[in-house]
Every structure is written in C-alpha cells, then in structure tokens.
Amino acid sequence: MNAIRKPSCAVPECVKKFIDVQRHFFKFPKKQDRWLQWVRACGRLDLEPRGPEYAHQNCRLCHLHFENKWYKINKVRARLHPDAVPTIFFGPGFQQQDNTAPEQTTQQNEENVVKEKVD
Ligand SMILES: [Zn+2]
C-alpha cells in the first residue's frame, strides 16, 4: 500500500512557480472563522461550500504564504502559529525575493536597489 500522496499547495500558481523549492505544508484550520480567512486569502473560494472539515483534511498551504514570524521550522518539522493568516501571494506584481519578507505594502520599494556610495 503506497497511497502516500505528496502534499501540494492549495495555491495553483505556487505549485507551478516553485517546483524546486523545499516547502513545508500547513493544514487548513478547522475553526470556521480562521478557515474562512485562509480560503479567502488564497482565493480558493471553491473550497468555501465544502466546509472547514474538507479543507482541513484535503488542503494545505505552504510556508511561502506566511510571514516568517508565523512559523518555526526546525530539523524535524514546521510549526505554524495558531493565529497565522496567509498574506503572501503571487499576484501579477509579485517579485521573487530571497528571505526578506515583503512589507505590508510593497509599492515600488526603491530600497531593494542598494547602491554603494561612491565619493
Ligand atoms: Zn504555496
């Protein structure tokens, strides 16, 4: 019996974009209000009629959608803060960044071009 399915992220763009990135997956919360936040945040409104139980069992989001203050990854596993809400998605304006979590409003942030001062 090898029915172990590889988890994949509930965000379709994410699955396509980050094939090689090592990811940690978090189950959808069961609590109605928090579950709804997740569903709406990731735009998977198709999950809404199915209810929290379904999403909890079948859907996951990867850690790329959470600011890093929300999760802790150690050698064994990743833990997500119970109040965590996914806020990082890859819309048209998304720019791939290293480890730096984007600010809440990233609008033409000139600061990521750091020029050395030349006298
Ligand atoms: Zn993802």
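This is a short talk through the fold, the confidence and a few chosen residues of one protein model.

Let me begin with the caution that what you see above is a predicted model, and that its pLDDT averages 80 over the protein, with 71% of the residues scoring at least 70. Among the elements, helix H1, which covers residues 12–17, has the lowest mean pLDDT, at 80, while H3 has the highest, at 96. There are also two stretches to treat with care: over residues 95–100 the pLDDT is below 50, and beyond near neighbours in sequence that stretch has one contact in the model. Over residues 105–111 the pLDDT likewise stays under 50, and here the model has one contact beyond four places in sequence. Where pLDDT is low, the predicted coordinates should not be read in detail.

Turning to the overall fold, the protein has three helices and four strands, and if you follow the sequence from its start, you meet them in the pattern α-β-α-α-β-β-β. Of the 119 residues in the protein, 18% are buried. If we take the contacts with a separation of 6 or more, 54% of them are between residues that stand 24 or more positions apart.

Now to helix H2, which runs over residues 32–41, and in which Trp-35, Trp-38 and Val-39 are buried. These three lie on the same side of H2, because they cover an arc of only 100° around the axis. As for what they meet there, the buried residues of H2 pack against helix H3, residues 51–58, and against strand E2, residues 60–62. After H2 comes Gly-43, whose phi is positive, near 75°.

One of those H2 residues appears again when we move to Pro-86, which is found in the segment after E4. Is Pro-86 buried or exposed? Pro-86 is buried, since it has 22 other C-beta atoms within 10 Å. Once neighbours within four places in sequence are left aside, Pro-86 is in contact with Trp-38, Ala-41, Cys-42, Leu-61, His-65 and Phe-66. With His-65, in particular, the C-alpha to C-alpha distance is 5.1 Å, although the two residues are 21 apart in sequence.

The segment after strand E4, which itself covers residues 78–80, also holds Pro-82, and here the surroundings are sparse enough that, with 9 C-beta neighbours inside 10 Å, Pro-82 counts as exposed. Pro-82 and Pro-29 are 53 residues apart along the chain, and their C-alpha atoms are separated by 8.5 Å.

Finally, let me go back towards the start of the chain, to Val-15 in helix H1. Val-15 is partly exposed, because it has 13 other C-beta atoms within 10 Å, and a residue counts as exposed at 12 or fewer and as buried at 20 or more. Not counting residues up to four places away in sequence, Val-15 touches Ser-8 and Cys-9. Its C-alpha atom is separated by 9.5 Å from that of Cys-62, a residue 47 positions away along the chain.

How values were computed
Residues numbered from 1 in each chain as written. Predicted model: local features only at pLDDT ≥ 70, side-chain atom pairs only at ≥ 80, totals over all residues. Helix = DSSP H or I, 4+ residues; strand = E, 2+ residues; numbered from the N terminus. Arc of directions from axis to C-beta. Contact = placed C-beta atoms within 7 Å. pLDDT = per-residue confidence, 0-100.
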